[in-house]
Amino acid sequence: MPKTTEQGTPKKEELPSTLRKSDAKAQRTFAKTHDSAADEYGEGERAHRTAYAALKHSYEKVGDHWEAKDQRGPSDERARSGGPNAKGETAEGVDANASKKHLQEIARRLDIRGRSTMNKHDLVDAIQRANRRASREG
């Protein structure tokens, strides 16, 4: 199912709930990439994964929505390796390549307890859990 109208604007009802709460550029990035991938690979999981990969290059998931990253680029080791046989684990939209200071700020905004004593890996894990929780509740 196309995610954009004939004019190229995103169809809100076709977007995942986390994107409906995100800015227009995030919505366009996901929708246009999805539609292009669906034309190339067919509708389904591959088109969906491709759209999320493009989104994660410029955006990170914070709670129940996506926010622009300070610096474009891969968000985790899986995105860095790329391709259909990507290696490594996904950080589920968390910018695992961001500084520890940035991750602590995100954790503060998500009210994650114990964030000041966490290392970078623990912060990424805690943010992932908080994001999943916020998405379920939202």
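In the predicted model, Lys3 is a buried residue, its relative accessible area being 9%. This lysine is engaged in a salt bridge with Glu14, in which the closest N and O atoms are 3.9 Å apart, a separation that falls within the 4 Å cut-off for such a contact. Although both Glu14 and Lys3 lie in the segment before α1 (17-20), the pair links distant parts of the chain, eleven residues apart.

The search of the whole structure finds six salt bridges, and among them is the pair formed by Asp64 and Lys21, with 3.3 Å between the closest N and O atoms. Here the contact spans 43 residues, connecting the loop between β1 (59-62) and β2, where Asp64 is found, with the loop between α1 and α2 (24-41), which holds Lys21. Both partners count as partly exposed, Asp64 at 24% relative accessibility and Lys21 at 37%.

A further salt bridge joins Glu92 to Arg132, the closest N and O atoms lying 2.8 Å apart. Because Glu92 belongs to the loop between α4 and α5 (100-109) and Arg132 to helix α6 (residues 120-137), this pair ties together parts that are 40 residues apart in sequence. Glu92 is partly exposed, with a relative accessible area of 34%, and Arg132 is likewise partly exposed, at 36% relative accessibility.

Apart from these pairs, a patch of positive charge is present on the surface, where Lys25, Arg28, Lys32 and Arg72 gather. Of these residues, Arg72 is located in the loop between β2 (65-68) and α4 (77-81), and it counts as exposed because its relative accessibility is 59%, above the 50% limit for that class.

Technical notes: Residues numbered from 1 in each chain as written. Predicted model: local features only at pLDDT ≥ 70, side-chain atom pairs only at ≥ 80, totals over all residues. Heavy atoms only, no water. Patch = residues over 30% accessible without salt bridge, like charges linked within 9 Å, V, L, I, M, F, W, Y side chains within 5 Å. Areas by Shrake-Rupley, 256 points an atom, 1.4 Å probe, with all protein chains shown as cover. Salt bridge = Lys/Arg side-chain N within 4 Å of Asp/Glu carboxyl O. Lys, Arg positive; Asp, Glu negative; His and termini not counted. Charge placed at Lys NZ, Arg CZ, Asp CG, Glu CD. Helix = DSSP H or I, 4+ residues; strand = E, 2+ residues; numbered from the N terminus. Buried < 20%, exposed > 50% of the residue type's maximum accessible area, 1.4 Å probe, protein only.
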